[in-house]
Amino acid sequence: MEILTTENVHLYYGKKEALHGFDLGFEEKKITALIGPSGCGKSTYLRCLNRMNDLLENVTITGSFKLNGKDIYSPKVDVVDLRKRVGMVFQQPNPFPLSVYDNIAFGLRLKGIKDKHVIDQRVEESLKQAAVWNEVKDHLKKDALAFSGGQQQRICIARVLAVQPEIILMDEPTSALDPVSNAKIEEMLVELKKDYTIIIVTHNMQQASRISDQTAFFLNGNLIEHGRTDQMFMNPKEKLTNDYLNGRFG
């Protein structure tokens, strides 16, 4: 079952068209990898899915974007609420300059949750889900910026998880991390898909093949191919996909 569907997606920066009209849907509780060379539109498209592009000037987006059948670009949509339902993790770890505890509690307080017991419980649960609890449980009052890059990124993932989103968007979340941190996050993502739908932009073909159920290949603002990861990597339908997977460009 598809939890999120997009149809006839076009995006313009001023008069320049960056996304050229395509359809793509995402199955519930699956990991979908968006792959392709730099500048091909992956991250631009990803930011359409929780309206992050609204923060940019002179951007025009057309097409249909539906979460559980409802238009996320409707004027009636509360964008703050949408971004709680469709959370985002960025390429560079970006914890707030607050304690670990306050980083995780931030979104909960924003939702109006004041019960300390509930917040305490959600903080612990989220840090455990993000596979960083054992490393920070004795340092919850410590500045989140004092931890390693890999730990900071998992704290950021826990911050997203705390508000219990339906979908998690990830824009190259491991590209700035060492191999050990990368492996921990990959293991965590495979575990998280039991409860969440995950859409991840990655340049790492091995990562896409290891953790994703579905893969979508972008090139020059076009969706070239989309399908089951194992089928795409073993027998892509499109020559351009085959060329990219075999390192012939990008």
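Here are some numbered notes on the structure above.

1. Ground rules: this is a predicted model, with local features needing pLDDT of at least 70 and side-chain atom pairs counting only at pLDDT 80 or more, while totals for chains, interfaces and linings use all residues. Residues are numbered from 1 along each chain as its sequence is written, and side-chain values use heavy atoms, with hydrogens and water left out.

2. Overall build: the protein has 10 helices and 11 strands (DSSP runs numbered from the N terminus: H or I of at least four residues for helices, E of at least two for strands). Its radius of gyration is 18 Å, which agrees with the value near 18 Å for a compact globule of 250 residues (taken over C-alpha atoms; the rule is 2.2 Å times the number of residues to the power 0.38). The C-alpha trace spans about 55 × 40 × 35 Å along the principal axes.

3. Burial and contacts: 50% of the 250 residues count as buried (under 20% relative accessible area, 1.4 Å probe, protein chains only). Among contacts (heavy atoms within 4.5 Å) with a separation of 6 or more, 66% are between residues 24 or more positions apart.

4. Cores: nonpolar side chains tend to be buried together in soluble globular proteins. Here the largest nonpolar core has 44 residues, and Leu127, Ile157 and Leu189 have the most contacts inside it (a core is a set of buried Ala, Val, Leu, Ile, Met, Phe, Trp, Tyr and Cys residues joined through side-chain atoms within 4.5 Å). Helix α6 (residues 149-162) gives the most to this core, with 6 residues. Apart from it lies another core of 28 residues, including Ile3, Leu19, Leu46 and Leu223.

5. Around Leu127: leaving aside neighbours within four places in sequence, Leu127 is in contact with Val100, Ile104, Val132, Trp133, Val136, Leu140 and Ala158. Val100 and Ile104 are also among the buried residues of helix α3 (residues 100-110). The buried residues of α3 pack against α4 (116-129), α5 (133-136) and α6. After α3 comes Gly112, with a positive phi near 95 degrees.

6. One strand residue to click on: what does Val86 touch, not counting residues up to four places away in sequence? Leu49, Asn50, Leu67, Ile167 and Leu169. Val86 sits in strand β7 (residues 86-89) and counts as buried because its relative accessibility is 1%. Its C-alpha atom is separated by 5.7 Å from that of Ile168, 82 residues apart along the chain.
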